[in-house]
Each structure stands twice: as structure tokens, then as C-alpha cells.
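I opened my notebook for a first walk through this structure. Here is what I looked up, in the order I went.

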Amino acid sequence: MRLTIYTPAYNKGDTLNRTFESLVKQTNHNFEWILINDGSTDQTDSIVKQFKNPPFKWKYINKKNEGLSSVMNLAAKECKTEFILRLDADDYLTPEAVQTILEHLDDSEVKSPNIAALVFLTCYSDGKICGYHPFSSNFICNFWDYRFKYKAIGDRAEVFKNKVFSQYPMPVFKDERFCSEGYTWNKISDSYDAIYYTDTIYIRDYVENSITTLGAQVRIKNPKGEQLILADILNRKIPLKIFIKVSTLYYRYSLHTNYSLKKLVMDIPLLATVIGIIPGSILYLIEKHDKTFVNKIKKIICHNS
């Protein structure tokens with residue numbers, strides 16, 4: 001067995017059965033499923049008890065709520081196979097997903113020590129690809145270049161070599177429940193490439209209370225994680241337009257931490273402070289009293305456009 005699929009579950013009882021059924025319907029069951037209940041307060045436990053004798057090896061872990069980063073780190077430790085894929089509890093796989101992955105594991109390029117992951121496309125339930133994928137055939141590059149050089153947009157399904165995944169644990173902050181995996185992906189980019197495939201194996205369903213849809217509210221509640229990734233981006237070579245935007249976002253979210261202003265300034269290039277501190281501070285002050293302010297403005301603009 002070469003593949004582990006892990007699922008973080010926090011109050012996803014309404015969709016978890018669909019995720020499970022997509023694994024049951026796989027054309028190849030040569031994988032292990034690790035389901036990690038991150039302190040759910042809904043019916044997740046009772047639903048899991050109904051998962052009787054699936055045609056694949058699986059493990060159920062019940063833990064206190066510590067957030068997605070802690071689940072990802074635990075999955076890396078629990079994984080006993082060479083490769084690992086995250087499948088969220090509100091998403092599901094295409095029936096041929098596992099078979100497609102296992103076939104590509106034998107590709108000669110995968111054996112290279114410079115390769116960290118095999119990356120596949122994701123789509124919505126209507127079949128439309130999530131975001132924009134710049135390649136029409138298999139392509140090798142790192143995570144950073146994929147986003148910033150080749151302008152890719154949207155979530156992907158990353159099948160990591162677990163020895164690499166384990167080397168780069170997700171940051172965990174006390175009293176915070178979220179840090180974008182983009183930070184870890186960027187760090188991996190400094191040493192490894194990935195193989196980008198044109199196969200679509202993963203179907204996403206952005207429900208109302210998902211991290212993706214809540215956006216700014218999640219980042220305000222988890223400002224230390226957001227400060228970390230935005231500082232990392234600002235210390236890399238990025239286009240001026242993006243630099244200006246990220247500089248503003250940096251102060252918009254980082255001022256919600258208990259960090260000193262000195263630390264916030266020292267963690268990024270001076271130009272980022274010059275550009276971002278005033279507009280970022282204004283957004284911070286507004287959102288401190290109304291966390292949904294920016295989203296309200298966006299809806300008004302979209303409605304009038």
C-alpha cells in the first residue's frame with residue numbers, strides 16, 4: 001500500500017457521509033483512510049459509527065479541537081505509506097481518483113528526489129475546473145512559480161511524498177485554529193518541485209461555513225497565522241501590484257495580533273510598511289468594530305456593477 005487519504009472533520013456531519021461514500025465507490029481500494037475528528041460538536045461521532053466494513057483500511061481518531069494545522073501535522077505522523085492526500089469532509093473524490101493517483105506514482109519523474117508532490121486538478125460539482133490552470137499537459141515547477149509566475153488560481157489536490165510533508169509541519173499558534181497551508185507550500189518551494197497533472201480527481205463543494213467562504217473573518221480570528229504567511233510573501237520577489245495589495249493586507253490582519261509594532265515592521269521590507277501601514281490600519285480599525293465591513297462593501301460594488 002502506497003497511499004494514505006486523510007480527512008479533517010470539524011462539524012461536517014452534514015457532508016461527511018458523502019465523502020465516505022466517494023471512497024467506497026473508488027475503483028481501486030488500495031489505500032488507507034485516516035479520519036480525524038477535530039473536536040466536532042455536531043453529529044459526526046454518530047455518523048462515523050455507521051461506517052461499517054468499508055472495502056479499504058481505515059482509522060478513526062477523535063481529538064480535541066485545535067484547528068486544521070494540528071490535524072495536518074497529526075496526519076503526517078499517523079501516515080505509514082509513502083504518499084498522502086488530504087480530502088476535506090465537505091468534498092469528495094471522482095470514482096477513478098485513487099486509480100489515477102496510483103498509476104501516476106510509477107511515472108519516472110516522481111522518483112526524482114527533487115519532487116515533493118503530484119498535483120491534480122479539482123472541479124465543482126458541475127464539472128467546471130476550480131480557478132485557472134495554465135498547462136495543457138503535465139508540467140514540473142514549484143508551488144510558488146505555479147501561482148506567481150504562471151498565474152494559476154484555485155485549489156488543487158496535492159498528493160505529497162510523506163517524507164517531505166513530514167519535514168515541513170504546519171505552524172500552530174495557541175488560541176488560533178487556522179494558518180494557511182500556503183505558508184508551508186511556499187517553504188517547500190524553496191527546495192522542491194511538484195508535478196502538475198491535467199487529471200481531475202477531486203470535487204469541491206464550498207459550503208457556507210467553510211474556511212474558504214468565511215475568508216476575512218477567519219483571518220481576523222487567526223491573525224498570527226496570517227501575519228506569518230503575509231510576511232513570508234512580502235519577503236519574496238513578487239510583482240509591484242501584488243506587493244502593494246499584500247502590504248495593505250499585512251497590516252489589516254497583523255494589527256489584530258498582540259505583536260509589537262516593532263516586530264511587525266521588522267518582519268517585512270521597509271517599503272511594505274511605507275505602502276501598507278496607513279490603508280491597512282484604516283481597514284483594521286473599521287473591521288475591529290465590524291468584521292464583515294469589507295464583505296458588505298464588495299457586495300454593494302458587485303450589485304451595482
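The entries below go from helix packing to cores and then to single residues.

**Entry 1: the model.** I noted before anything else that this is a predicted model.

**Entry 2: α11 against α13.** I began with two helices, α11 at residues 240–254 and α13 at residues 270–289. At what angle do α11 and α13 pack? I found about 50°, with the axes 6 Å apart. That angle makes α11 oblique to α13. I also looked up the handedness, and α11 passes α13 in a right-handed crossing.

Next I listed who makes the contact. From α11 I wrote down Phe243, Ile244, Ser247, Thr248, Tyr251 and Arg252. The α13 side includes Leu271, Ile275, Pro279, Leu283, Tyr284 and Glu287. Sorted by class, the contact of α11 with α13 has 10 nonpolar, 6 polar and 2 charged residues.

**Entry 3: α10 against α11.** I stayed with α11 and turned to α10. Their axes come within 9 Å and cross at roughly 155°. Why do I call α10 roughly antiparallel to α11? The crossing is at roughly 155°, and angles over 145 degrees count as roughly antiparallel. The crossing of α10 past α11 is left-handed.

For the α10 side I noted Pro223, Glu226, Gln227, Leu230, Ala231, Ile233 and Leu234. They meet Phe243, Val246, Ser247, Leu249, Tyr250, Tyr253 and Ser254 in α11. By class I have 10 nonpolar, 3 polar and 1 charged residues for α10 with α11. I marked Phe243 and Ser247 in my list, since α11 uses them towards α10 and also towards α13.

**Entry 4: α7.** I then asked how many residues of helix α7 (residues 182–189) are buried. I found 6 of the 8, so α7 is largely enclosed by the rest of the structure. The buried ones are Tyr183, Thr184, Trp185, Asn186, Ile188 and Ser189. What do they pack against? My list of helices has α3 (68–78), α5 (143–148), α6 (162–165) and α10 (223–234). The strands in that list are β6 (115–123) and β8 (157–161).

**Entry 5: the nonpolar cores.** I looked up the largest nonpolar core, which has 33 residues. Which of its residues touch the most other members? They are Leu3, Ile5 and Trp33. I followed Leu3 a little further and left out residues up to four places away in sequence. Among the residues Leu3 touches are Phe31, Thr81, Phe83, Ile84, Leu85, Val98 and Val159. Glu32 is also one of the residues that Leu3 touches. A second, separate core has 28 residues, including Ile36, Tyr146, Phe160 and Phe165.

**Entry 6: Ser69.** I picked Ser69 because I wanted a residue from helix α3. Is Ser69 buried or exposed? Ser69 counts as buried, at 5% relative accessibility, and the cut-off for buried is under 20%. Apart from residues up to four places away in sequence, Ser69 touches Met170, Pro171, Val172 and Cys179.

**Entry 7: positive phi.** I checked backbone angles for residues other than glycine. Lys151 has a positive phi of about 65°. I located Lys151 in the loop between α5 and β8, and at 46% relative accessibility Lys151 counts as partly exposed. Asp175 also has a positive phi, of about 70°. Asp175 sits in the loop between α6 and α7 and is exposed, with a relative accessible area of 66%.

**Entry 8: Gln167, Lys221 and Met266.** The loop between α6 and α7 also holds Gln167, which is partly exposed at 47% relative accessibility. I took the C-alpha distance from Gln167 to Leu105 and got 20 Å, with their positions 62 residues apart in sequence.

Lys221 is in helix α9 (residues 216–221) and is exposed, with a relative accessible area of 58%. Lys221 and Asn17 are 204 residues apart along the chain, and their C-alpha atoms are separated by 29 Å.

I ended with Met266 in helix α12 (residues 261–266). Met266 is exposed, with a relative accessible area of 63%. From Met266 to Lys80 I noted 41 Å, C-alpha to C-alpha, and 186 residues in sequence.

Notes: Residues numbered from 1 in each chain as written. Predicted model: local features only at pLDDT ≥ 70, side-chain atom pairs only at ≥ 80, totals over all residues. Heavy atoms only, no water. Axes fitted to C-alpha atoms, helices over the stretch in contact; angles between N-to-C directions. Helix = DSSP H or I, 4+ residues; strand = E, 2+ residues; numbered from the N terminus. Parallel < 35°, antiparallel > 145°, perpendicular 65-115°, else oblique. Left-handed = near helix turned anticlockwise from the far one by under 90°. Contact = heavy atoms within 4.5 Å. Nonpolar A, V, L, I, M, F, W, Y, C, P; charged D, E, K, R; others polar. Core = buried A, V, L, I, M, F, W, Y, C linked by side-chain atoms within 4.5 Å. Buried < 20%, exposed > 50% of the residue type's maximum accessible area, 1.4 Å probe, protein only.
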